[in-house]
Amino acid sequence: MQGWAVPTFLLEGGRQEIVIYPGDHGPERRLTLDELVSRSLAASRLFQSMGVEPGDRVMLLAPTGALLLQAMLGAWFCGAAFAIAPPNTGETRAAMTREQLLKRVVVTRPKLIVASGKAATALPWLEILPGASVIGDDVFAHLAGDDTFAPVRLAPNDLAYLQFTSGSTGSGCAKAVIVTHAALTSNLRGIAQAARIVTDDCMVSWAPAHHDMGLVGGFLQALFSKLRSVFIPVETFSKSPWIWVQAISEHRGTLSPSPTFSYTILQKLSNTHRLSGIDLSSWRYAWIGAEPIFPEVISRFNGAFRTRGLSETTLRPSYGLAESVVAISCSVDKEPVCVIHCDPFQLRQNGRVRLVASETAGAIPLVGNGPPIAGMTIKIADEVGTELPSDRVGHIWMKGPSVTPGYFGVDDSGLVDGWRDTGDLGFLYQKQVFVSGRAKEVIIRGGVNIAPQDIEWMVEQFLGLRPGRVVAFSDIRCELGREEVVVVAETRGKLTDVVATRQSLLQTIVRATGLAVDHIEFVPTGSIPRTTSGKVQRSRTRDLYRAGELHKPSAAVMSAANG
């Protein structure tokens, strides 16, 4: 393929209005797509003057706002790629944020860092990156539009951006997913086709740009499809969640992506006076994903907002991960949500899919996430990629033009003959993707991936335990309609006050990571199963926890633990 002006869809411009609600970036901003492109070209000229060349990376640490959008597109126009990190450097999470930020900087090796507010002084940038430059939002405030700058031409397989994730291995390291321009464009097309997006649609999104759902499903989909758009800074949504549906009502929003937890939040707030008078009849497609989707979440949200004009087909279950840009499968617009019920014994014990009536005792309800998007192929296979019979639960493998070729700076791509293991367990039924569990060890809460090692290290430090005495895992309890985050710790002796210790530990984890742990179990030494080499087995620990057998260490387990 010949090189293209990157990305072509942006240079076409348009008069579509972009509204950015007030937030950490400042007061409300309104601009057209033409104005955004012009300002981004000016940013690109500035980046070039600071030594940014094609193939370089630009690190962005800024809240949702015009600056962030200009810097993203500015990096593309001068042939560079960008990486976005959360700008949060608040005192409650300062130490953890600096550590995570430093890891991302080391992985990205940016030529330029665009930092806003406190992020500009979060780290001694020039000591860490002697050859890099750092600019703040004050520079962008004085940038005028520039329609004369000629964008650099890149090839489709050139790097567009790096998406940070804990990845399917839960390694505890900052992993940067490689996203090429071709992969991004393919995924955007697939999403647009499933949602039947037209130019009359209006995107409303609060999901943050450092998250793949917010970046691709919100910002870039709106730009790609030339939509009117309303962007709500995540910090504004966090303080006043009702602003999300208020914006949909006021701006007649038709499209909006959001993680599962946000629908539960809004359902609980549905009777507040702040939501009186809202009209959601314009809202036709709402991506719901980024974490397990339970039927109760959909039915309760629909019930809470039915009288406010919400259609029964608005919430659209979807499935994806950063390694596929964002989307793997999406429910087709207007089609009913597919909910099936499975025999619990066959599903959990034998790994087989046997459908039962919804009223069957213990029946496990599962939600269909729609068929694979255009260009994406799914197979259900074992851990090495051997395809399984249609009635078996297995690893969900994906293949297609939007699947990442690997992680930045990592030699092992993780691909097997072009296929990538998602790390999730599930099956295909009526051509839809059903997720029934997780083979990977990463914990997902609030749409954010958290490596279990980060939680385990914190608990070990708090309790004064040697490494390998704590296991953290998530447990998808479809039959209960929730996902639980559990920590199991082998204490060396009896705790003087178990209740107080558990409560204090819960608060420590929340303050440091923002993660709310559901259960903390203190067990005798040797309770946590290990391999013959002494490594903890998180999935086996989860099985024992679910069966209520963690307090029964066997001789074999004790031997492995003490060996």
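Lys-226 sits in the loop between helix H8 (212–224) and strand S12 (228–231). The model is predicted. Lys-226 is not a glycine, yet its phi is positive, at about 55°. Its relative accessible area is 12%. That is under the 20% cut-off, so Lys-226 counts as buried.

Gln-430 also has a positive phi, of about 50°, without being a glycine. Its loop runs between strand S22 (419–429) and strand S23 (432–438). Is Gln-430 buried or exposed? Gln-430 counts as exposed, at 56% relative accessibility.

**The whole protein**

The protein has 17 helices and 28 strands. Its radius of gyration is 24 Å, close to the 24 Å that the globule rule gives for 563 residues, so the protein is as compact as a globular protein of that length. Along the principal axes, the C-alpha trace spans about 75 × 55 × 55 Å.

Of the 563 residues, 58% count as buried. Among contacts with a separation of 6 or more, 70% come from residues 24 or more positions apart. The accessible surface comes to about 22,900 Å². Carbon and sulfur atoms hold 52% of that surface. The protein carries 55 positive and 53 negative charges. The mean positions of these two sets are 3 Å apart.

**Strands S26 and S27**

How many of the 8 residues of strand S26 (residues 470–477) are buried? The count is 8 of the 8, so S26 is largely enclosed by the rest of the structure. Both faces of the strand are covered. One side carries Val-470, Ala-472, Ser-474 and Ile-476. The other carries Val-471, Phe-473, Asp-475 and Arg-477. The buried set thus takes in Asp-475 and Arg-477 along with Phe-473 and Ile-476.

S26 pairs with strand S27 (residues 482–490). The pairing is antiparallel and extends over 8 bridges. One bridge sets Val-471 against Val-488 in S27.

**Strands S17 and S18, and helix H12**

Strand S18 (residues 364–367) is buried on both sides too. Ile-364 and Leu-366 point one way, while Pro-365 and Val-367 point the other. Strand S17 (residues 339–342) runs antiparallel to S18, and 4 bridges join the two. Which residue stands opposite Pro-365? His-341 does.

Helix H12 (residues 295–305) packs against both of these strands. Its buried residues are Pro-295, Val-297, Ile-298, Phe-301, Asn-302, Ala-304 and Phe-305. An α-helix has 3.6 residues a turn, so residues three or four places apart point the same way. Val-297, Phe-301 and Phe-305 are among the buried residues of H12, as are Ile-298 and Asn-302. The partners of the buried residues are helix H11 (260–268), strand S14 (285–289), strand S15 (315–319), S17 and S18.

**Three buried positions**

Ala-83, Gly-289 and Thr-236 lie in separate parts of the chain. The table gives the element and the relative accessible area of each.

| Residue | Element | Relative accessible area |
|---|---|---|
| Ala-83 | strand S5 (residues 81–84) | 0% |
| Gly-289 | strand S14 | 0% |
| Thr-236 | helix H9 (residues 234–239) | 14% |

Ala-83 is buried. Beyond residues up to four places away in sequence, Ala-83 touches Val-58, Met-59, Leu-60, Thr-108, Leu-162 and Phe-164. Gly-400 is 317 residues from Ala-83 along the chain. Their C-alpha atoms are separated by 23 Å.

Gly-289 also counts as buried. It lies in S14, one of the elements that the buried residues of H12 pack against. With residues up to four places away left out, Gly-289 touches Met-213, Ser-258, Pro-259, Thr-260 and Ser-318. Asp-212 is 77 residues away along the chain, and the two C-alpha atoms are separated by 11 Å.

Thr-236 is the helical case, placed in H9. Thr-236 is buried. What does Thr-236 touch, not counting residues up to four places away in sequence? The contacts are Pro-22, Gly-23 and Ile-243. Val-510 is 274 residues from Thr-236 in sequence and 20 Å from Thr-236 in space, C-alpha to C-alpha.

Methods
Residues are numbered from 1 along each chain as its sequence is written. This is a predicted model: local features need pLDDT of at least 70, side-chain atom pairs count only at pLDDT 80 or more; totals for chains, interfaces and linings use all residues. Side-chain values use heavy atoms; hydrogens and water are left out. Buried means under 20% relative accessible area, exposed over 50%, partly exposed in between (1.4 Å probe, protein chains only). Two strands pair if DSSP finds at least two bridges between them. The radius of gyration is taken over C-alpha atoms; the globule rule is 2.2 Å times the number of residues to the power 0.38. Contact means heavy atoms within 4.5 Å. Accessible areas come from the Shrake-Rupley method with a 1.4 Å probe; for residues, only the protein chains shown count as cover. Lys and Arg count as positive and Asp and Glu as negative; His and the chain ends are not counted. The place of a charge is taken as NZ of Lys, CZ of Arg, CG of Asp or CD of Glu.
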